[in-house]
Amino acid sequence: MKLLHIVVGAFVLFAFLLTGQYMDYLDVRSGALGDATRMMFRSRHIYILLSGLVNLAVGTYFVRRAGGWRRTLQTIGSILVLAAPLLLLAAFFTEPGQPGLRRQFTLPAIIILAVGTLLHAFSGAGRGTVGLKQKQIEVDGLKEIEVELTD
């Protein structure tokens with residue numbers, strides 16, 4: 001799952017660059033498309049960046065939980081965080097051209113991203129901090145330090 005989050009995050013950041021080039025091609029900055037369309041493109045563009053960065057962050061710090069309810073929350077959270085960029089890419093290409101400020105993809109995607117991120121946070125809550133436990137041992141007149149990772 002760790003590698004999947006990192007790969008998806010990198011892909012989405014690349015898609016962010018491409019959507020920026022697409023907006024430049026459409027000349028969104030000039031305002032020729034109208035203020036509402038310009039706002040829709042730019043906000044969806046930033047949301048794509050957000051989803052890519054969240055995937056990279058989750059992938060960077062991902063540690064599979066031991067099991068039980070924590071692992072279940074983590075897995076559901078990962079599925080949601082991985083799904084959000086797909087909805088946001090769909091939103092980028094479909095919503096700006098629609099009349100009004102309709103958000104049939106954006107609102108669910110942002111909610112999914114937020115819930116997925118919170119599930120990841122809850123899956124690790126209350127576990128305490130990870131620390132190191134040192135023990136000094138003397139073997140054959142030599143002092144050694146034994147280090148153990150603790151929860």
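Helices here are DSSP runs of H or I spanning at least four residues, and strands are runs of E spanning at least two, numbered from the N terminus. The model under discussion is predicted.

Q: Which pattern does the protein follow when read along the sequence?
A: The secondary structure comes to 4 helices and 2 strands. Read along the sequence, these elements give the pattern α-α-α-α-β-β.

Q: Which helix gives the most to the largest nonpolar core?
A: This core holds 13 residues, of which Met 23, Phe 41, Ile 48 and Phe 92 touch the most other members. At least two residues of the core come from each of α1 (2-26), α2 (35-61) and α3 (68-94). The greatest contribution, 5 residues, is that of α1.

Q: With which residues is Phe 92 in contact, leaving aside its neighbours within four places in sequence?
A: A contact requires heavy atoms within 4.5 Å. Once the neighbours within four places in sequence are set aside, the partners of Phe 92 are Thr 19, Tyr 22, Met 23, Phe 41, Arg 44, His 45 and Ile 48.

Q: How many residues form the second, separate core?
A: Among the members of this second core are Val 58, Phe 62, Val 81 and Ala 84. The core is separate, and its residues number 6.

Q: What percentage of the accessible surface belongs to carbon and sulfur atoms?
A: Of the 151 residues of the protein, 30% count as buried, that is, under 20% relative accessible area. The accessible surface of the protein comes to about 9,400 Å². The share belonging to carbon and sulfur atoms is 65%.

Terms used. Residues numbered from 1 in each chain as written. Predicted model: local features only at pLDDT ≥ 70, side-chain atom pairs only at ≥ 80, totals over all residues. Heavy atoms only, no water. Buried < 20%, exposed > 50% of the residue type's maximum accessible area, 1.4 Å probe, protein only. Areas by Shrake-Rupley, 256 points an atom, 1.4 Å probe, with all protein chains shown as cover. Core = buried A, V, L, I, M, F, W, Y, C linked by side-chain atoms within 4.5 Å.
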